[in-house]
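Hi,

Here is the structure I promised to pass on. Have a look at it first, then read my notes below.

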Amino acid sequence: MPKAKGKTRRQKFGYNVNRKRLNRNARRKAAPRIECSHIRHAWDQTKSVRQNLADMGLAMDPNRAVPLLKRKVVKALEVDVEEGPKELMRKPYVLNDLEAEASLPEKKGNTLSRDLIDYVCYMVENHGEDYKAMARDEKNYYQDTPKQIRNKINVYKRFYPAEWQAFVDSLQKNKMEVE
């Protein structure tokens, strides 16, 4: 299909654009973002990846950092030979921060949806332990069977035991006040 007339225009050179800054910013944006904040703050853009990691006490290639020793007969001369000078760790705080973060206990990230919590609370509040009545309830939009409802309630009990106990206590308290 032909192009519409007058829609293409010759590209003009932008004299007011700083090409050096443009290229530098493009290179910086093209470089991947370091997700770990400890490493990102200690990173030096002027150094190579290997140099940056060596300064932090990390290894770029784990096979070279901890080489596998070949099984061969050890001679007396080989035992006396000292290894070359180790690389100096200039930023040990990065390694310490990473170790401290790794030693923290893992957060429990899985939670239940607010809708499921409201559903379970509504069902238990209105029907108690009668799962068949819960299955016939008009708020049972997904047409869960009595077993499925019981499993959802058990999941809520397992995820939030303290909240469940407080909820049951409040139900019993309300029941006492009504009677």
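**What I found**

Buried residues account for 16% of the 179 residues in the protein. Keep in mind that this is a predicted model. The exposed surface comes to about 16400 Å², and carbon and sulfur atoms supply 53% of it.

The fold is easy to write down: the protein has 10 helices and zero strands. Going along the sequence, the pattern reads α-α-α-α-α-α-α-α-α-α. If you take the contacts between residues at least 6 apart in sequence, 50% of them join residues at least 24 apart.

Now zoom in on helix α7, which covers residues 114-127. You can check its length yourself: at 1.5 Å a residue, its 14 residues should span 20 Å. The C-alpha atoms at its ends are 20 Å apart, so the model agrees with the expected value.

Which residues of α7 are buried? They are Leu116, Ile117, Tyr119, Val120, Cys121, Met123 and Val124. While you look at those numbers, here is a handy bit of background: an α-helix has 3.6 residues a turn, so residues three or four places apart point the same way. The buried residues of α7 pack against three other helices, namely α8 (131-136), α9 (146-159) and α10 (161-178). Just after α7 comes glycine 128, with a positive phi of about 65°.

Next, the inside. In soluble globular proteins, nonpolar side chains tend to be buried together. The largest nonpolar core here has 16 residues, and the ones touching the most other members are Val120, Ile153, Tyr156 and Trp164. Helices α7, α8, α9 and α10 each give two or more residues to this core. The top contributor is α7, with seven residues.

Trp164 is a good one to click on. Leaving aside residues up to four places away in sequence, tryptophan 164 touches Val120, Val124, Ile153, Tyr156 and Lys157.

One last spot is worth a visit: glutamine 143, in the loop between α8 and α9. Its phi is near 55°, which is a positive value in a residue other than glycine. Is glutamine 143 buried or exposed? Its relative accessible area is 67%, and exposed means over 50%, so glutamine 143 counts as exposed.

Happy to go through any of this together.

Cheers

Key. Residues are numbered from 1 along each chain as its sequence is written. This is a predicted model: local features need pLDDT of at least 70, side-chain atom pairs count only at pLDDT 80 or more; totals for chains, interfaces and linings use all residues. Side-chain values use heavy atoms; hydrogens and water are left out. Helices (H or I, at least four residues) and strands (E, at least two) are DSSP runs, numbered from the N terminus. The expected span of a helix is 1.5 Å times one less than its number of residues. Buried means under 20% relative accessible area, exposed over 50%, partly exposed in between (1.4 Å probe, protein chains only). Contact means heavy atoms within 4.5 Å. Accessible areas come from the Shrake-Rupley method with a 1.4 Å probe; for residues, only the protein chains shown count as cover. A nonpolar core is a set of buried Ala, Val, Leu, Ile, Met, Phe, Trp, Tyr and Cys residues joined through side-chain atoms within 4.5 Å.
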